[in-house]
Amino acid sequence: MVIEQKHLESVNLKRSSSPEHYEQIASQALSNSINHLNTAYRHKLCGAEGAVEFRDEGVYTYDNHGKRYLDCLGGYGIFNVGHRHPKVINAVKAQLDQVCLHSQDLLNPWAAHLAKQLSEITPGNLQYSFFCNSGTEAVEGAIKLARLATGKTEIISTKNAYHGVSMGALSATGRDCFRKPFEPLLNGFVHVPFGDADAIEKAINENTAAVILEPIQGEGGINVPPPGFLRKVRKITKERGVLLILDEVQTGMGRTGRMFACEHEGVVPDILCLAKALGGGVMPIGAFISTPEIWHVLEPNPSIHNSTFGGNPLACSAATACIDVLMEENLPARSAVMGNYFISSLKDLMAKYPKYLSDVRGRGLLIGLEFKTIELRTGVQHELFHRGVLVAGTMNANRTVRIEPPLIITRPQIDLMIRTLDGILSDLQDGVLELEDVEA
Ligand SMILES: Cc1ncc(COP(=O)(O)O)c(C=O)c1O
């Protein structure tokens, strides 16, 4: 039988001295993206400009023309230790030469080591980990574990929360534009205003299994709850026999100035979800972590929840190296210091341009910069791109730009970002810059 083979276009992304080579990469990437990923790529600024991701290192990403971008987006929170940290890269390279994916039969020492490491760095008696491949899966597993452990089905979440897009995680996600097209979702999810502990208490009933929260809402627009909120929710959930799931997929691994954001309030959740930066910006990995009392329910059927690729040695070795780097380089504390500096510099800009900027909020290096209008937000974001700085909007708050650079960012690099933004806003004010009308 002759199998008809489609024309195979080879992609040679190696460096070359010919400018045509780079143009070819850009045009191939754009047409393949439009034809095989999503037709919406035709609106994408970087594609239209021919800017294609080409290499990355530290706090910078470079495109196919060699243009350097200061990464103040951090891949939506995956590059906490920077792009291609040598220690993480070397760990994965060494792992490639030993075992890549596990047999699924013998003991997996890399997953076991990582689970022990997580039990040491997470607060309280969180001791057991399940490894998966994304934040969505971590949340999905946490919801299942909460239901299994309590025998109850209802979950209280918050408006504008973002917990992922599988049917369970989406049920917890709190924005209609993501949810509506896929309804009916799971039964028993309610969404209360974020930061309102009384609303959570009122929503609890005899069927409530858990409350799920981000300690700081990321995609909701970098919303920092009032001080004491998390502690209050912990107290209420304990008193009412309801589990507390904290989704630290974005806030974890040093992002907010502590290893985990719940540590700011001395709160220990019953289940903790991690992903994104856990893989050291090199490998995808997610995890949900819980206490021995809760994990106990998995004993009768340990494979009741499972994942073939979850806990694979390549991902685990990257995560182990990532944790080592976070500790050795003291990055959570660094995030607190640099975050304060960044926030106060942005506040100075807000005072200078009250016409354009309406709020600066955040903790550590998880920062939201709110514009007066969506058009301003998108226009300034794209102008920053042109001028070599990456930022992005938050998915559930369209006037807000997220700033979440690698935690290794330096003061001069922060100054560069502030100068660039200042330049844009001052050009706007002087009428010498017209912002592009781009889609939100
Ligand atoms: C708090 C939070 N939870 C879950 C997710 C979903 O993670 P992933 O995109 O890895 O599935 C995200 C992604 O942005 C997130 O910010």
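Two strands pair if DSSP finds at least two bridges between them. Strands (E, at least two residues) and helices (H or I, at least four) are DSSP runs, numbered from the N terminus. The model is predicted: local features need pLDDT of at least 70, side-chain atom pairs count only at pLDDT 80 or more, and totals for chains, interfaces and linings use all residues. Residues are numbered from 1 along each chain as its sequence is written.

**Exercise 1. Describe the pairing of β11 and β12.**

Solution.
Step 1: Take the direction. β11 and β12 pair in the antiparallel sense, over six bridges.
Step 2: Find a facing pair. Arginine 361 stands opposite glycine 368 in β12.
Step 3: Look at the turn. β11 and β12 form a hairpin with two residues between them. Glycine 364, in the turn, has a positive phi of about 60°.

**Exercise 2. Work out the order and the edges of the sheet that contains β1.**

Solution.
Step 1: Write the order. The open sheet has four strands, β1-β2-β3-β13, with mixed pairing.
Step 2: Find the edges. β1 (53-57) and β13 (389-390) each have a single partner strand, so one side of each is left without a neighbour in the sheet.
Step 3: Check one pairing. β3 (residues 68-71) runs parallel to β13, and two bridges link them. Leucine 70 has valine 389 of β13 as its bridge partner.

**Exercise 3. Place β9 among its partners and decide whether its faces are covered or open.**

Solution.
Step 1: Start with β8 (residues 243-247). Three bridges join β8 to β9, and the two run parallel. Aspartate 247 is opposite cysteine 273 in β9.
Step 2: Go to β10. β9 and β10 are antiparallel and share four bridges. Isoleucine 271 faces serine 290 in β10.
Step 3: Check burial. A residue is buried if 20 or more other C-beta atoms lie within 10 Å of its own, exposed if 12 or fewer, and partly exposed in between; C-beta atoms are placed from the backbone.
Step 4: Conclude. Ile271 and Cys273 are buried on one side, Leu272 and Leu274 on the other, and both faces of β9 are covered.

**Exercise 4. Which residues of the ligand shell are the closest, and which helix gives the most to the shell?**

Solution.
Step 1: Define the shell. A residue is near a molecule if its C-beta atom, placed from the backbone, lies within 6 Å of it.
Step 2: List the shell. 15 residues surround the ligand, and the closest are Ser134, Gly135, Thr136, Gly164 and Val249.
Step 3: Sort the shell by class. Ala, Val, Leu, Ile, Met, Phe, Trp, Tyr, Cys and Pro count as nonpolar, Asp, Glu, Lys and Arg as charged, and the others, Gly among them, as polar. The shell has five nonpolar, seven polar and three charged residues.
Step 4: Name the helix. α6 (residues 135-150) gives the most, with three residues.
Step 5: Test the length of α6. The expected span of a helix is 1.5 Å times one less than its number of residues. The 16 residues of α6 should span 22 Å; the end C-alpha atoms are 23 Å apart, which agrees.
Step 6: Check its cover. Of the 16 residues of α6, 13 are buried. Just after α6, glycine 151 takes a positive phi of about 70°.

**Exercise 5. Describe how domain 1 and domain 2 meet.**

Solution.
Step 1: Set the bounds, which come from an automatic or database domain assignment. The assignment gives domain 1 (52-81 + 331-429) and domain 2 (86-328).
Step 2: Count contacts. Two residues are in contact if their C-beta atoms, placed from the backbone, lie within 7 Å. 27 residues of domain 1 are in contact with 27 residues of domain 2.
Step 3: Find the main contributor. α13 gives the most to the side of domain 1 that touches domain 2, with five residues. That side has twelve nonpolar, eleven polar and four charged residues.
Step 4: Visit one residue of α13. Alanine 336 lies in this helix. Alanine 336 is partly exposed, with 19 other C-beta atoms within 10 Å. Not counting residues up to four places away in sequence, alanine 336 touches Gly257 and Gly364.
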